Structures are given as C-alpha cells and as structure tokens.
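Look at the structure shown below and keep the sequence beside it. The paragraphs that follow go from one strand to a helix, and then to the side chains.

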Amino acid sequence: MKIRKNYILAPGPTPVPPEVAAAGAWPMIHHRTPQFCAIIKEVAQGLKVLFQTQHPVYFTASSGTGVMEAAVANLMSPGETMIVLECGKFSERWSEIGKSFGCNIVPVKVEYGKVVSPAQVEEALQQNPKTKAVFMQLSETSTGCVLDVEAIGKVVAKTDALLAVDGISGVGAEPCYPDTWGIDCLLTGSQKGVMLPPGLGFISVSPKGWKAVEQSKSPRYYFDLRAYKKALDASDSPYTPAISLLYQLKEALKIIQNETMEGMWARHAWLAKATRAAVKALNLELFAERPGNILTSIKIPAGVDGEKLVKTMRDDLGVTIAGGQGSMKGKVMRIAHLGYMDRFDITTAISALEIALKRQGFPVKLGAGVSAAEEILWEDPK
Ligand SMILES: *Cc1c(COP(=O)(O)O)cnc(C)c1O
C-alpha cells in the first residue's frame with residue numbers, strides 16, 4: 001500500500017501539538033486529591049488568560065454544545081425572551097436550545113455569509129424591551145464570518161439584557177475582551193482554538209450574568225453552574241472531571257501563555273490573510289461578508305462539483321477541509337487555519353486545492369495560490 005500522509009484543516013477537531021497529545025497518556029490520579037487540586041488551580045488561572053477575563057472559567061466534560069446548553073439553562077427561565085443573531089448553522093443552534101427550554105425566541109436573521117449588524121440588534125431590542133438576553137457567535141463557523149461583538153456589546157449594554165457569546169471557534173483565534181465588551185457569558189470548547197482533543201467545554205459568567213444564574217427557573221442538573229462555582233472555589237470539580245483532558249489542557253495553556261494571546265491572534269490573522277490571497281490568485285471568491293481568522297470560506301465556482309472536490313482532497317490527497325453545512329452543502333468549502341497551525345499547513349492546503357481543482361478541469365495555474373500565500377508567509381506574523 002502507498003504511504004499517504006493526512007493533514008487536518010477542518011474547523012474542529014484541529015491538530016493537537018505533540019506535547020499535548022503525550023500529556024494525555026499520563027496515568028490516572030484520583031481527582032479528590034491535593035495533587036489534582038493543584039492541576040485545577042493551574043488550569044483555572046490559565047483559562048482566565050485564554051478568556052481574557054477576571055471572572056472564573058468553569059470547565060465541563062462535554063463538547064461545546066454542552067456549555068451552549070448551560071448558558072441557556074442558567075441565564076434564561078421558561079417564557080423569557082431571547083434574541084438570537086441567526087446567520088448560520090451554529091447560531092440556529094442557540095434558537096433550538098432556547099426552544100427546548102421553553103424560551104420565547106426572537107431571531108434576527110440574515111442570509112448565510114452575511115452578519116447581523118449592531119443596528120439590527122438595536123432595533124430588535126427596542127421592539128422587544130423585555131428581552132432577557134442576546135445570544136450570538138464570536139465566529140460563525142458554518143459561514144466563516146466574524147461578528148462585531150464589541151459594537152454589539154455596546155448596543156446591548158444600553159439595555160438590561162445580557163449578552164451571551166458562543167466563542168467555540170473564535171476564542172484563541174479572534175480578539176475578544178469579555179470584561180470590557182460587556183459580554184455576560186462567554187464559552188468555548190476544547191477541539192478548536194484550544195488545540196485539545198474534543199471533550200471539554202469552558203464557560204465564564206459576569207457578575208451581572210450570575211444574578212440570572214441564581215434566579216433561573218429552568219430545569220438543570222449536570223449543567224447547573226452553581227455546582228461548578230462551589231467546586232471551583234475550592235479548586236475542585238463537582239463530578240468526575242475528564243482527567244486526561246485536563247492534563248492536556250495544562251500543557252496547551254502553557255503553549256498559549258508562551259505565545260501570548262496577542263501572538264495567537266496575530267498568527268491567525270497572518271494565516272487567514274495568506275489564505276485569502278491564495279483564493280484571489282486562483283480566481284475564486286470568498287463566501288463571507290466579514291471573513292474571520294479561524295477559517296476561509298470559499299464559493300464553489302461554476303462547473304466544479306463542491307462535494308467531490310472536498311472528497312478528492314480528503315480521500316485521494318489526504319487533506320481534510322470542510323464542505324458546506326445544510327443548504328450551503330456543495331456550494332462552499334471551508335479551509336480552517338485554527339489552533340495548532342503554521343505557514344506550511346496553509347501551503348499544503350492550497351496546493352491540494354489547486355490539484356483537486358485541476359483534476360476537475362477547472363482552469364488553474366498550478367502554484368499560483370501557493371505563490372500568493374508565500375508572498376505573505378515568507379515573513380513572520382507581525
Ligand atoms: C463547533 C462549534 C459548535 C459545536 O461544538 P461541539 O463541540 O461540536 O458541540 C458550536 N458553535 C460554534 C461556533 C462552533 O464552531
């Protein structure tokens with residue numbers, strides 16, 4: 001059999017650094033011990049740096065959707081109104097969770113690839129003065145858009161409403177300052193910007209948000225944040241934590257603190273810029289109105305079979321990128337530059353894209369995209 005190397009450039013799970021992978025192999029230690037408390041103490045500190053917050057960051061053994069559910073269950077009570085900025089598959093998930101918890105959903109909807117503007121949020125808040133909270137994404141992974149959380153935070157801050165932000169793909173890759181931007185609840189998962197395998201959720205709540213947590217009448221047990229607070233105050237966890245993932249988190253947070261958050265954001269911006277330059281050089285079009293730094297979404301050009309393109313890249317060339325979700329299936333491809341990634345991840349992905357396009361007869365000058373990317377990547381990120 002031929003040797004074929006695999007490369008993953010999907011927006012989660014993302015590649016795991018070798019020292020993080022190795023940390024997962026450490027033997028079990030019991031979680032109710034001073035030794036494990038020391039690990040919790042260390043990661044609790046590192047998570048505040050990752051989140052750029054003064055408030056505690058709680059961790060759960062779940063994927064990111066678990067902490068999305070935690071946000072709804074702890075901030076909202078049945079019958080209360082939540083405004084959801086619907087601009088992709090993941091923002092639609094906020095509405096689905098809200099419905100399951102009996103909330104009154106007010107969607108502010110735009111076409112896939114576009115973003116909800118601060119003015120639209122302002123209008124929705126004026127029309128729904130009893131709104132309990134606004135739910136949005138930092139980065140809408142299904143379309144590749146980054147939202148203007150800072151500007152929307154200013155609009156929400158003029159009202160009594162809370163602001164909850166799903167940063168599952170954005171945290172680590174896109175600048176985000178929850179404490180100064182008026183974010184009352186920020187959350188992320190482990191398998192994207194945090195460079196871990198899947199299985200951990202992270203969530204922080206502002207003091208204003210915490211009042212809602214105390215008052216919520218929603219049914220909750222595993223994701224009742226009051227239990228997580230009580231435990232974390234004692235450097236403990238309420239239930240058996242994902243011990244191996246926490247060993248790995250400790251390593252990942254060391255890497256993050258060494259690079260610094262500013263360094264992480266600059267690296268992601270640099271990789272994104274190079275990818276966009278390659279797209280342009282290949283005469284392809286960006287899909288996102290406000291392209292973010294976690295992934296580049298590209299329109300599938302006429303005459304190209306989008307699903308086949310992604311399949312050729314993955315199954316024949318060993319390069320996994322993502323296709324489009326839902327109604328975007330076959331119409332978009334998404335190349336992630338998220339987490340543990342460097343310049344040659346980008347040149348590899350672009351090279352594979354050129355080959356896959358050529359195999360479908362799309363007019364492509366081999367190397368044109370790679371060359372454009374290298375014009376950005378030959379220097380280090382600023
Ligand atoms: C990946 C992702 C999710 C879903 O997270 P899971 O870990 O798959 O539950 C939700 N929101 C955003 C923005 C994402 O990128």
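**A strand, a helix and some side chains**

Strand 11 is mostly covered, with 4 of its 5 residues buried. The model is a predicted one. Strand 11 runs antiparallel to strand 13, and 5 bridges join the two. To find one of these places in the structure, start at T296, whose bridge partner in strand 13 is I335.

Strands 11 and 13 both appear again in the surroundings of helix 13. The buried residues of this helix pack against helix 11 (261-281), strand 11 (295-299), helix 12 (306-316), strand 12 (319-320), strand 13 (332-336) and helix 14 (368-377). Which residues of helix 13 are buried? They are R343, I346, T347, A349, I350, A352, L353, E354, A356 and L357. The list includes the charged residues R343 and E354.

The length of helix 13 can be checked by simple arithmetic. Helix 13 covers residues 343-359, which makes 17 residues, and at 1.5 Å a residue they should span 24 Å. The C-alpha atoms at its ends are 25 Å apart, so the expected span and the model agree. After helix 13 comes G361, which has a positive phi, near 80°.

Now turn to the charged side chains. Side chains of opposite charge can pair when their charged atoms come close. How many salt bridges does a search of the whole structure find? The search finds 18.

One of these salt bridges is formed by R32 and D236, whose closest N and O atoms are 2.6 Å apart. This pair links distant parts of the chain, as its two residues are 204 residues apart. R32 is in the loop between helix 1 (18-23) and helix 2 (34-51), while D236 is in the loop between helix 9 (225-233) and helix 10 (243-259). R32 has a relative accessible area of 40%, so it is partly exposed. D236 also counts as partly exposed, because its relative accessibility is 23%.

A second salt bridge joins the side chains of K89 and E92, at 3.4 Å from N to O. Both residues lie in helix 4 (residues 89-100), 3 residues apart, which is about one turn of the helix. An α-helix has 3.6 residues a turn, so residues three or four places apart point the same way. Are the two partners buried or exposed, or something in between? K89 counts as partly exposed because its relative accessibility is 30%, whereas E92, at 13%, counts as buried.

R314 and D315 form another salt bridge, with 2.7 Å between the closest N and O atoms. R314 is partly exposed, with a relative accessible area of 36%, and D315 counts as partly exposed at 35%. Elsewhere, salt bridges that share partners join E86, K89, E92 and K109 into one network.

The last topic is cysteine. A disulfide is a covalent bond between the sulfur atoms of two cysteines. How many disulfides does a search of the whole structure find? It finds 0. C176 is in no disulfide, and the nearest cysteine sulfur, that of C185, is 11 Å away. C185 is likewise in no disulfide, and the nearest cysteine sulfur to it is that of C176. For a disulfide the two sulfur atoms would have to be within 2.5 Å. C176 counts as buried because its relative accessibility is 4%. C185, at 1% relative accessibility, counts as buried too.

Key
Residues numbered from 1 in each chain as written. Predicted model: local features only at pLDDT ≥ 70, side-chain atom pairs only at ≥ 80, totals over all residues. Heavy atoms only, no water. Buried < 20%, exposed > 50% of the residue type's maximum accessible area, 1.4 Å probe, protein only. Salt bridge = Lys/Arg side-chain N within 4 Å of Asp/Glu carboxyl O. Expected span 1.5 Å × (residues − 1). Contact = heavy atoms within 4.5 Å. Pairing = 2+ DSSP bridges.
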